[in-house]
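Biologist: Could you walk me through how two chains meet, and explain each term as we go?

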Protein chains: 2
Amino acid sequence: MSKTTYHHGDLKNALIRAGVEILAEQGVSGLSLRQVALRAGVSHAAPYAHFADKQSLIAAISTDGFLRLYDEIKTAANAHRTNPPQQLLETARTYLEFATKDPARFKVMFSGVLEQEKEYPEFVEASKKNYEMLVEIVQTCQAEGFLPTGPAELAAISIWATVHGLAALALERQIPHTLLEQHSRRDLLNHALQTYFVKR
Amino acid sequence: MSKTTYHHGDLKNALIRAGVEILAEQGVSGLSLRQVALRAGVSHAAPYAHFADKQSLIAAISTDGFLRLYDEIKTAANAHRTNPPQQLLETARTYLEFATKDPARFKVMFSGVLEQEKEYPEFVEASKKNYEMLVEIVQTCQAEGFLPTGPAELAAISIWATVHGLAALALERQIPHTLLEQHSRRDLLNHALQTYFVKR
DNA sequence: ACCTGAACACCGTTCAAGT
DNA sequence: ACCTGAACACCGTTCAAGT
């Protein structure tokens with residue numbers, strides 16, 4: 001009980017963790033800078049020593065989210081190296097599960113942070129890692145004849161859009177319940193992705 | 001200058017219009033109940049005579065948006081009755097343009113309103129109209145052999161997810177600019193939807 | 001029935017001050 | 001360098017009161 005004059009040595013990360021917890025417990029509308037500070041045990045002005053503003057904290061939470069998503073997808077990809085089409089399906093399923101497991105965090109990751117391109121380079125970087133891994137998986141599928149030849153980036157964006165759209169529509173409860181009664185989200189995903197594969 | 005003791009006969013719709021204007025001019029973060037009231041020329045408490053809370057106003061703005069989207073898509077569909085695959089492409093393009101034309105309104109339509117299922121039946125109704133029109137277009141394409149046979153609802157959700165995902169990723173600037181330099185959003189859309197059509 | 005003005009609790013942000 | 005407390009402008013919501 002001597003050295004740390006203040007609260008932590010790493011308030012910045014404590015604030016990010018507090019934000020993630022609040023998102024999980026109370027949703028997007030519960031995420032206020034003052035509540036984050038309270039949960040981290042500091043005054044409401046303390047976060048400004050580490051983040052320029054609320055947008056900046058949200059960018060940090062999003063970046064953290066993209067890195068975790070990358071880890072999960074990478075694990076799924078490594079588990080299915082021998083079967084490229086299944087590798088694609090399983091990584092997509094991991095993406096969908098990431099979204100449904102923690103909807104508020106997923107929403108924050110894909111909204112809110114405007115003009116990121118210039119303002120938050122780590123955010124852009126973390127997001128790009130996921131995209132590039134998808135491009136690699138697509139290229140493997142193409143090389144082994146499971147996906148049609150052509151620019152891998154084009155195919156990757158189409159597939160990402162399909163998976164992301166399914167996640168977004170599911171989170172917003174836009175998928176008719178008559179469909180959800182007959183098919184699991186996983187079935188819907190598999191069905192949507194089947195169209196991309198080469199028939200043989 | 002005699003009969004209307006107060007401001008309008010139709011404050012409710014004036015508030016919705018004011019909200020839509022603010023969204024277009026200032027984005028989602030600019031949409032406050034007090035600013036909406038100010039723009040409509042009433043006190044900040046007046047909206048509560050017509051809407052239970054801010055969520056309820058947002059639900060009304062979203063419902064209005066879905067009805068306008070329906071009109072635009074219906075017009076596009078009618079213009080391409082003779083060519084089912086092009087009908088599908090053009091309605092999808094209309095959806096994508098609706099999103100990019102007024103990003104803040106589109107974001108509000110597909111977020112924010114939680115637990116709608118029970119709370120805002122007109123919202124669910126307006127959203128369902130769009131889905132049902134898509135199912136009809138898909139059925140026409142199937143009947144004429146342009147889409148594979150099978151449950152039209154499954155194909156419709158896949159296609160909707162692809163188009164919606166493309167719109168969402170574009171709005172969040174998640175599509176790499178290297179891709180956007182080479183391909184217009186319309187090209188990306190056409191490329192993604194080509195995979196659904198029967199090859200022949 | 002429809003609207004106003006005051007009031008309350010909450011929020012993001014700034015800033016002088018403390019260690 | 002890192003944090004606090006007071007202050008300011010803004011917000012959503014309620015409520016008594018006015019027509």
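Biologist: How many residue pairs are in polar contact between chain A and chain B, and what makes a pair count?

Modeller: In this predicted model there are five such pairs, both residues at pLDDT 80 or more. A polar contact is a pair of N or O atoms within 3.5 Å; within protein, one must be able to donate a hydrogen and the other to accept it, and residues adjacent in sequence count only if both atoms are side-chain atoms.

Biologist: Which helix gives the largest share of the side of chain A that touches chain B?

Modeller: That is α8(A), with 13 residues. Helices here are DSSP runs (H or I, at least four residues), numbered from the N terminus.

Biologist: How many salt bridges are there between chain A and chain B?

Modeller: The count is zero: a salt bridge would need a side-chain nitrogen of Lys or Arg within 4 Å of a carboxyl oxygen of Asp or Glu.

Biologist: Why is Glu97(A) called partly exposed?

Modeller: Its relative accessibility is 43%. Buried means under 20%, exposed over 50%, and partly exposed in between (1.4 Å probe, protein chains only), so Glu97(A) counts as partly exposed. Glu97(A) sits in helix α4 (residues 84-101) of chain A.

Biologist: And what are the ground rules?

Modeller: Residues are numbered from 1 along each chain as its sequence is written, and chains are lettered from A and ligands numbered from 1 in the order in which they are written. For this predicted model, local features need pLDDT of at least 70, side-chain atom pairs count only at pLDDT 80 or more, and totals for chains, interfaces and linings use all residues, while side-chain values use heavy atoms, leaving out hydrogens and water.

Methods
Helices (H or I, at least four residues) and strands (E, at least two) are DSSP runs, numbered from the N terminus.
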